[in-house]
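Subject: Handover of a structure, with notes

Dear colleague,

I am passing a structure on to you for your own work. Please find it below, followed by an account of what was found in it.

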Amino acid sequence: MKHGQHWFTQVRKTAEAIFGRNAFPDGAFDFPAAFELPEAIFDTSPPVAAPLQPGARFLNGVYENNAGARRYKLYIPSTWKGQRLPLVVMLHGCAQDPDDFAAGTQMNAVAEERKCFVLYPAQSPDANNSRCWNWFNALDQRHGQGEPSIIAGMTQQVLDHYPVARNQVYIAGMSAGGAMAIIVGTLYPELFCAVGVHSGLPYAAARDLPSALSAMQRGAAGARDTNNAGLPMIVFHGDQDTTVHPANGEELLAQGLRSHPLGGTARPSRLAGRVPDGYAYTRIKHWLHDGSPLAEHWVIHGAGHAWSGGSAAGSYTDGKGPDASREMMRFFSTVRAA
């Protein structure tokens, strides 16, 4: 079976599991001959056994509320000696898990450098056959309900049990995890002070599976604005991404600027660069008049649907791009809640 057809089959199975077998008309998931995805997207995740720094801990946990239960892993760096540290919540993409995502993004190594905790929520295959966060469900786009409430509650649980710097709590994600990260950050601005999105989609870009497929293939132009003040965000997207259209990264930034009360006055600056023996990129920064950062948009030229600068120890990574993990942490370090 061709890879794109395999993907459509998996989407159909996921949709039937969520909405029921009779929820869609005949032919809704007929595979279009022109739609085909690259083979690398469907590579299985390699076994992951990343070594820990001496003194570091990678703990297993579980959180449960009325919306359900999810497992997680929490990385505690070797540099922690009881002091307050920032917290970064990392949401994996489809077919991934916390160990795979940690290995691919190398965020635990960054946590050692930056001295921070890292929380990796795990999607359950019972909630989604492909372990995708259900960013496209209307229920999972509401405060106090669905998966956002589980992720927010899990974050609060860590805040209650560890000395986290409350004004330095951030959330980031890849693909479906990136789409869910912007939802959670938007719904719970009292918890998070900045968002990182890699190869994701705007807030509430879809309300069901058909609109999700449309947004992924063509971009979520006209995604509705958020009602909060607009969290600072950093966005990465490869301009050759055939899984989530690069237009989504542009709309995500535009949505964030529209949602911020001062977004219309932000001053953009553009920088072009290239990774040695790797991809060229364009970085656009948006600054407020007081010099504080509002948004960054990294377009990686030639890159597909993969974590930029990631390690081959995890899935969906491409080491030829700029280091998204370190750039996200650099951006996060400039943003603190009042």
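The notes below go from the chain as a whole to its cores, a helix pair and some individual residues.

The model is a predicted one. Its chain holds 338 residues, 57% of which are buried. The secondary structure consists of eight helices and twelve strands. Among contacts with a separation of 6 or more, 69% join residues that lie 24 or more positions apart. The accessible surface is about 14,500 Å², and carbon and sulfur atoms account for 51% of that area.

Nonpolar cores

In soluble globular proteins, nonpolar side chains tend to be buried together. Here the largest nonpolar core has 53 residues, and the members that touch the most others are Leu87, Trp135, Ile171 and Phe192. Helix H5, residues 176–187, is the element that gives the most to this core, with eight residues. A further core, of 34 residues, lies apart from the largest one; Cys116, Tyr120, Met329 and Phe331 are among its members.

Trp135 deserves a separate entry. Leaving out residues up to four places away in sequence, Trp135 touches Gln141, Ala176, Ala179, Met180, Ile183, Leu201, Ala205, Ala206, Ala212 and Met216.

The pair H4 and H5

Two packed helices are described by the angle between their axes and the distance between the axes. For helix H4 (residues 146–161) and H5, the angle is about 70 degrees and the axes are 10 Å apart. The two helices are therefore roughly perpendicular. On the H4 side the contact is made by Glu147, Pro148 and Ile151, and on the H5 side by Met180, Ile183, Val184 and Leu187. Sorted by class, this contact comprises six nonpolar residues, one charged residue and no polar ones.

Helix H3 and its surroundings

Helix H3 spans residues 107–114 and includes Asn108. Which residues of H3 are buried? They are Met107, Asn108, Val110, Ala111 and Glu112. The cover over these buried residues includes strands S1 (57–65), S2 (68–76), S3 (85–91) and S4 (117–121), together with helices H2 (98–105) and H8 (324–332).

Asn108 has a relative accessible area of 12%, so it counts as buried. Beyond its neighbours within four places in sequence, Asn108 is in contact with Phe58, Tyr75, Ala102, Val118 and Tyr120. The last of these, Tyr120, is also a member of the core of 34 residues.

Backbone points to check

Three residues with positive phi are listed here for your attention.

- Lys115, just after H3, takes a positive phi of about 60 degrees.
- Ala204, a residue other than glycine, has a positive phi near 50 degrees. Ala204 sits in the loop between strand S6 (194–198) and H6, and it is buried because its relative accessible area is 7%.
- Tyr316, which is not a glycine either, has a positive phi of about 55 degrees. Its place is in the loop between strand S11 (307–308) and strand S12 (317–318).

Gln217

Finally, Gln217 belongs to helix H6, residues 209–218. With a relative accessibility of 27%, Gln217 is classed as partly exposed. Gln217 and Asp241 are separated by 24 residues in sequence, while their C-alpha atoms are 9.9 Å apart in space.

With kind regards

Notes
Residues are numbered from 1 along each chain as its sequence is written. This is a predicted model: local features need pLDDT of at least 70, side-chain atom pairs count only at pLDDT 80 or more; totals for chains, interfaces and linings use all residues. Side-chain values use heavy atoms; hydrogens and water are left out. A nonpolar core is a set of buried Ala, Val, Leu, Ile, Met, Phe, Trp, Tyr and Cys residues joined through side-chain atoms within 4.5 Å. Buried means under 20% relative accessible area, exposed over 50%, partly exposed in between (1.4 Å probe, protein chains only). Helices (H or I, at least four residues) and strands (E, at least two) are DSSP runs, numbered from the N terminus. Contact means heavy atoms within 4.5 Å. Axes are lines fitted to C-alpha atoms, for helices over the stretch in contact, and angles run from 0 to 180 degrees between N-to-C directions. Angles under 35 degrees count as roughly parallel, over 145 as roughly antiparallel, 65 to 115 as roughly perpendicular and the rest as oblique. Ala, Val, Leu, Ile, Met, Phe, Trp, Tyr, Cys and Pro count as nonpolar, Asp, Glu, Lys and Arg as charged, and the others, Gly among them, as polar. Accessible areas come from the Shrake-Rupley method with a 1.4 Å probe; for residues, only the protein chains shown count as cover.
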